[in-house]
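This report looks at how one protein chain is held together, taking in turn its disulfides, its nonpolar cores, its strands and its aromatic rings.

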Amino acid sequence: MYPVRNLIKALVFMIVAINASAQQTGKFKDTRDGKTYRTVMIGKQTWMAQDLNFYTKTGSWCYENDSSNCDKSGRRLYTPIAAAEACPSGWHLPSADEWMELINYLGGPAVVGGKLKAKKGWNASDSIASNSSGFSAIPGGYRNYGGVFGGTGTEGYWWSSTSLGRGAWYFSLRYDDNVIHKYGSNHKEAGYSIRCMKN
């Protein structure tokens with residue numbers, strides 16, 4: 001009798017633990033252009049689980065100025081000025097502190113990379129990328145302030161809303177390690193990806 005009772009208690013505990021750790025996912029439709037984005041709750045924050053792909057009249061580009069890169073992979077890159085205004089109503093470009101809350105929740109800058117990276121799309125790093133957070137980061141590359149594109153497949157960059165001179169602080173992942181880096185750009189013409197966070 002007691003072994004059965006103990007087994008039932010153990011099963012209930014396992015079910016509760018699994019439910020507690022399960023990701024809360026959803027979808028959001030941007031009424032401005034009809035695009036739908038996956039969402040994921042990580043800790044107390046709800047993020048879009050895809051990079052934003054919203055056309056702005058100025059300050060955004062598809063990678064290598066090829067529209068198929070936006071349509072197929074979401075590789076739209078924004079200046080910090082455009083990024084600050086691009087998220088839809090009810091969402092916002094996260095601050096550097098909000099990025100750090102995400103990073104620290106997942107274990108800190110030294111180990112978070114693989115937890116954030118999508119399982120596919122990163123050159124030679126699929127073994128590193130677990131995407132256990134559901135964030136699904138892709139290596140969208142960059143557009144430098146001179147208008148040159150690079151880094152797709154190997155690097156991902158995401159703006160924060162925290163300004164730095166004419167630019168802003170941003171976060172980056174590389175294909176070959178688990179570290180997320182925080183850098184500052186003073187170039188208002190640099191183009192990086194953005195993720196929107198729910199208000």
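A disulfide is counted here where two cysteine sulfur atoms lie within 2.5 Å of each other. The model is a predicted one, and every value below is computed from it.

**Disulfides**

When the bonded cysteines of the protein chain are numbered in sequence order, their pairing reads 1-2, 3-4, and a search of the whole structure yields 2 disulfides. The two links are set out in the table.

| Disulfide | S to S | Angle about the S-S bond |
|---|---|---|
| Cysteine 62 to cysteine 70 | 2.2 Å | -120 degrees, left-handed |
| Cysteine 87 to cysteine 196 | 2.2 Å | -95 degrees, left-handed |

The link between cysteine 87 and cysteine 196 connects distant parts of the chain, since cysteine 87 belongs to the loop between helix H3 (80–86) and strand E6 (91–92) while cysteine 196 belongs to the loop between strand E11 (180–185) and strand E12 (197–198), 109 residues apart. Cysteine 87 and cysteine 196 are both buried. Are the cysteines of the other link, cysteine 62 and cysteine 70, buried or exposed? Because residues under 20% relative accessible area count as buried, cysteine 62 falls in that class with 10%, and cysteine 70 does so with a relative accessibility of 1%.

**Nonpolar cores**

The largest nonpolar core comprises 20 residues, and Met48, Leu52, Tyr78, Trp159 and Ile194 are those with the most contacts inside it. At least two residues of this core come from each of H3, strand E9 (155–164) and strand E10 (167–174), and H3 gives the most, with 3 residues. Once its neighbours within four places in sequence are set aside, leucine 52 is in contact with Tyr37, Gly74, Arg76, Tyr78, Ala86, Cys87, Pro88, Ile194 and Cys196, a list that includes both cysteines of the disulfide between cysteine 87 and cysteine 196. There is also a second, separate core, which has 19 residues and includes Ile42, Val112, Ala137 and Met197.

**Strands E9, E10 and E11**

Which strands pair with E10, and in what sense? E9 and E10 run antiparallel and are joined by 7 bridges, with tyrosine 157 standing opposite serine 172 in E10. The hairpin formed by E9 and E10 has 2 residues between the strands, and glycine 165 in this hairpin adopts a positive phi near 60 degrees. E10 also pairs with E11, again in the antiparallel sense, over 6 bridges, and here alanine 168 stands opposite serine 185 in E11. The connection from E10 to E11 is likewise a hairpin, running through 5 residues. E10 is mostly covered, with 6 of its 8 residues buried. In a regular strand, side chains alternate between the two faces of the sheet.

**Aromatic pairs**

The search of the whole structure finds 14 aromatic pairs. One of them brings together tryptophan 99 and phenylalanine 135, whose ring centres are 5.9 Å apart and whose planes meet at 65 degrees, so the pair is edge-to-face. Because tryptophan 99 lies in helix H4 (residues 96–105) and phenylalanine 135 in the loop between helix H5 (113–116) and strand E7 (142–143), this pair ties together parts that are 36 residues apart in sequence. Tryptophan 99 and phenylalanine 135 are buried.

Tyrosine 170 and tyrosine 192 also form an aromatic pair, in this case a tilted one, at 4.6 Å centre to centre and with 45 degrees between the planes. Tyrosine 170 is part of strand E10 and tyrosine 192 is part of the loop between E11 and E12, so the pair ties together parts that are 22 residues apart in sequence. Tyrosine 170 and tyrosine 192 are both buried, and they belong to one aromatic cluster with Tyr142, Tyr157, Trp159 and Tyr183. Within this cluster, Trp159 is also among the residues with the most contacts inside the largest nonpolar core, and Tyr157 is the residue that stands opposite serine 172.

**Charges over rings**

Two arginines are placed over aromatic rings. The charged end of arginine 32 sits over the ring of phenylalanine 54, at 3.5 Å from its centre. Arginine 195 lies over the face of phenylalanine 135, at 4.2 Å from the ring centre, and phenylalanine 135 is the ring that pairs edge-to-face with tryptophan 99.

Technical notes:
Residues are numbered from 1 along each chain as its sequence is written. This is a predicted model: local features need pLDDT of at least 70, side-chain atom pairs count only at pLDDT 80 or more; totals for chains, interfaces and linings use all residues. Side-chain values use heavy atoms; hydrogens and water are left out. Buried means under 20% relative accessible area, exposed over 50%, partly exposed in between (1.4 Å probe, protein chains only). Helices (H or I, at least four residues) and strands (E, at least two) are DSSP runs, numbered from the N terminus. A nonpolar core is a set of buried Ala, Val, Leu, Ile, Met, Phe, Trp, Tyr and Cys residues joined through side-chain atoms within 4.5 Å. Contact means heavy atoms within 4.5 Å. Two strands pair if DSSP finds at least two bridges between them. Rings of Phe, Tyr and Trp (its six-membered ring) pair if their centres lie within 6.5 Å; planes under 30 degrees apart count as stacked, over 60 as edge-to-face and the rest as tilted. A charge sits over a ring if NZ of Lys or CZ of Arg is within 6 Å of the ring centre and within 35 degrees of the ring normal.
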